There are 2 protein chains.
Amino acid sequence: MKIEVVENVLKYNKDQAEKNRKLFNKNNILVINLLSSPGAGKTTLIIETIKRLKNEKNIGVIEGDISSTYDAEKIKEHIDDVVQINTGGSCHLNATMIDQALSKLDMDRLDIIIIENVGNLICPVGFDLGEDYKIVMSSVNEGDDKPVKYPPVFIKSNPVLLNKIDLLEISDFDLGFFTSEVKKLNPSGDIMIFSSKSGKGLDEWISWIRKKIK
Amino acid sequence: MKIEVVENVLKYNKDQAEKNRKLFNKNNILVINLLSSPGAGKTTLIIETIKRLKNEKNIGVIEGDISSTYDAEKIKEHIDDVVQINTGGSCHLNATMIDQALSKLDMDRLDIIIIENVGNLICPVGFDLGEDYKIVMSSVNEGDDKPVKYPPVFIKSNPVLLNKIDLLEISDFDLGFFTSEVKKLNPSGDIMIFSSKSGKGLDEWISWIRKKIK
């Protein structure tokens, strides 16, 4: 008798992710898997993105949290296509959870799905959800050393986002250090810096999405 | 043949944690397991704590990160008893890692050991390290909704710390909401609010440690 545990989990996830990816491609949906620490501002970025694009594109959001519907309710004020996944303690979403969420979204109608992963810089990195882009967002108040301390998520992300640049002036965040550390890990990755709150720099992010829509 | 995986891991961890706890008690060492999101300011709090207590007590620090010795180097500028644990990707410390780190600390001499866990609000919660106190630190810039979105860590923590209150004025953080949500989860838990950077409010934290020293 063979004992297969971890490998099976990852293999099963990979298979389900490929099924999700095929479904997304069949429906011409751009899918973004957004990762960050708790409180870096994923939900605010998603809301600001919706505000800027909802008159031209149909956007759906899948919200991942260990519990609560707090963020989903905030997004529901702006669009109808929101599904909350409560992982029940697990520190990341997986491809099966996404598959279940998709049954509650109108795939024929949507142009973009943004998946807000559980707030965590470590666990979500290894779990493909079938997305087109895995994107990490760091924020100024977390400090400039996040690429040094959490390399894998920065290696796998393109682009890399930096939020809350309105706080640069009152912090000791060294933007040159941050960008050079990201470039060491991910030489071909673009870095976009902005403040979701003030809107400064968000145009580049919105243009990037427009270019990637299928 | 029985397949036992997850339970064994947790049982084994619990057994090792009890061994660590006995060793800490035998040596009269106060042990704090400090948890937070990435960038909430654990390292800065530890350094400010060391500055205020090192002339009266011997302090050791165990630094947990998935990779790098970045934080340990910063702390080494203030005290000699620092051990870095690189988890190699794991999102939390476990009791065996602590056991290995202890062999590099002078247990006869130390009065306090602060364990800086991996930056993560989810995974470290379930892993007892043998500590006296598991303490979560949230920070103003993460937003006031962390207790709603990550309940388990707030349930298990006493006291609950809130850092970066120097940013309260320029943020929309609702201190009343934060404290009432923490109280719902953890009615008997104390809440200490401060800014490690400015020093405001840190006296209460330092007094708390002084009272707990064995």
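Q: Helices are DSSP runs of H or I with at least four residues, strands are DSSP runs of E with at least two, and both are numbered from the N terminus. Where is the place of Asn27(B) in chain B?
A: A word of welcome first: this is a predicted model. In chain B, helix 1 covers 6–26 and strand 1 covers 30–35. Residue 27 falls past the end of that helix and before that strand, which puts Asn27(B) in the loop between helix 1 and strand 1.

Q: Is Asn27(B) buried or exposed?
A: Leaving aside neighbours within four places in sequence, Asn27(B) touches Met107(B), Asp108(B) and Leu110(B). Its relative accessible area is 16%. The cut-off for burial is under 20%, so Asn27(B) counts as buried.

Q: The backbone oxygen of which residue lies 2.8 Å from a polar atom of the side chain of Asn27(B)?
A: Let's stay with this loop residue a moment longer. A polar contact needs N or O atoms within 3.5 Å. At 2.8 Å from a polar atom of the Asn27(B) side chain, the partner is the backbone oxygen of Leu23(B).

Q: Which residue forms a salt bridge with Asp15(B)?
A: Asp15(B) is partly exposed, at 36% relative accessible area. Its partner also lies in helix 1 of chain B, four residues away, or about one turn of the helix. The closest N and O atoms of the pair are 3.0 Å apart, and the partner is Lys11(B).

Q: How many residues apart are Arg21(B) and Glu18(B) in helix 1 of chain B?
A: Their side chains meet in a salt bridge, 2.8 Å from N to O. Glu18(B) is partly exposed, with a relative accessible area of 33%. About one helical turn separates Arg21(B) and Glu18(B), because their spacing in helix 1 is three residues.

Q: Glu48(B) and Arg52(B) form a salt bridge; is Glu48(B) buried or exposed?
A: The closest N and O atoms of this pair are 2.9 Å apart. The two residues sit four apart in helix 2 (residues 42–53) of chain B, about one helical turn. Arg52(B) is partly exposed at 32% relative accessibility. Glu48(B) has 14% relative accessibility, so it counts as buried.

Q: What relation does the rotation that superposes chain A on chain B describe?
A: Now to the two chains together. A rotation of 180° with 0.0 Å of shift along its axis brings chain A onto chain B, with an RMSD of 0.0 Å. That is the relation of a two-fold axis.

Q: What percentage of the contact residues of chain A recur in chain B?
A: Chain A brings 39 residues into contact with 39 residues of chain B. The same surface serves both copies, and the share of chain A contact residues that recur in chain B is 100%.

Q: Which residues of chain A lose the most area to chain B?
A: The area buried between the chains is about 2,800 Å², and carbon and sulfur atoms give 63% of it. On the side of chain A, three residues together account for 21% of what that side buries. They are Pro38(A), Ile122(A) and Lys149(A).

Q: How many charged residues has the side of chain A that touches chain B?
A: Nine residue pairs are in polar contact across the interface, both residues being at pLDDT 80 or more. Helix 3 (70–76), helix 5 (146–149) and helix 6 (151–156) of chain A each supply at least two residues to this side. By class, the side has 18 nonpolar and nine polar residues, and its count of charged residues is 12.

Q: Which residue of chain B meets the side chain of Asp65(A) in a salt bridge?
A: The rule finds six salt bridges across the interface of chain A and chain B, and 33 over all chains. A network of salt bridges links Asp145(A), Lys146(A), Lys149(A), Asp65(B), Asp71(B) and Lys74(B). For Asp65(A), the bridge is 3.2 Å from N to O, and the partner is Lys149(B).

Q: How far apart in space are Ser198(A) and Ile165(A), C-alpha to C-alpha?
A: Ser198(A) lies in the loop between strand 7 (191–193) and helix 8 (202–212) of chain A. It is exposed, with a relative accessible area of 52%, and a polar atom of its side chain lies 3.2 Å from the backbone nitrogen of Lys200(A). Although Ser198(A) and Ile165(A) are 33 residues apart in sequence, their C-alpha distance is 9.1 Å.

Conventions: Residues numbered from 1 in each chain as written. Chains lettered and ligands numbered in written order. Predicted model: local features only at pLDDT ≥ 70, side-chain atom pairs only at ≥ 80, totals over all residues. Heavy atoms only, no water. Least-squares fit on C-alpha atoms with pLDDT ≥ 70 in both. Contact = heavy atoms within 4.5 Å. Buried area = accessible area lost by both parts, 1.4 Å probe. Salt bridge = Lys/Arg side-chain N within 4 Å of Asp/Glu carboxyl O. Polar contact = N/O pair within 3.5 Å; in protein donor to acceptor, adjacent residues only side chain to side chain. Nonpolar A, V, L, I, M, F, W, Y, C, P; charged D, E, K, R; others polar. Buried < 20%, exposed > 50% of the residue type's maximum accessible area, 1.4 Å probe, protein only.
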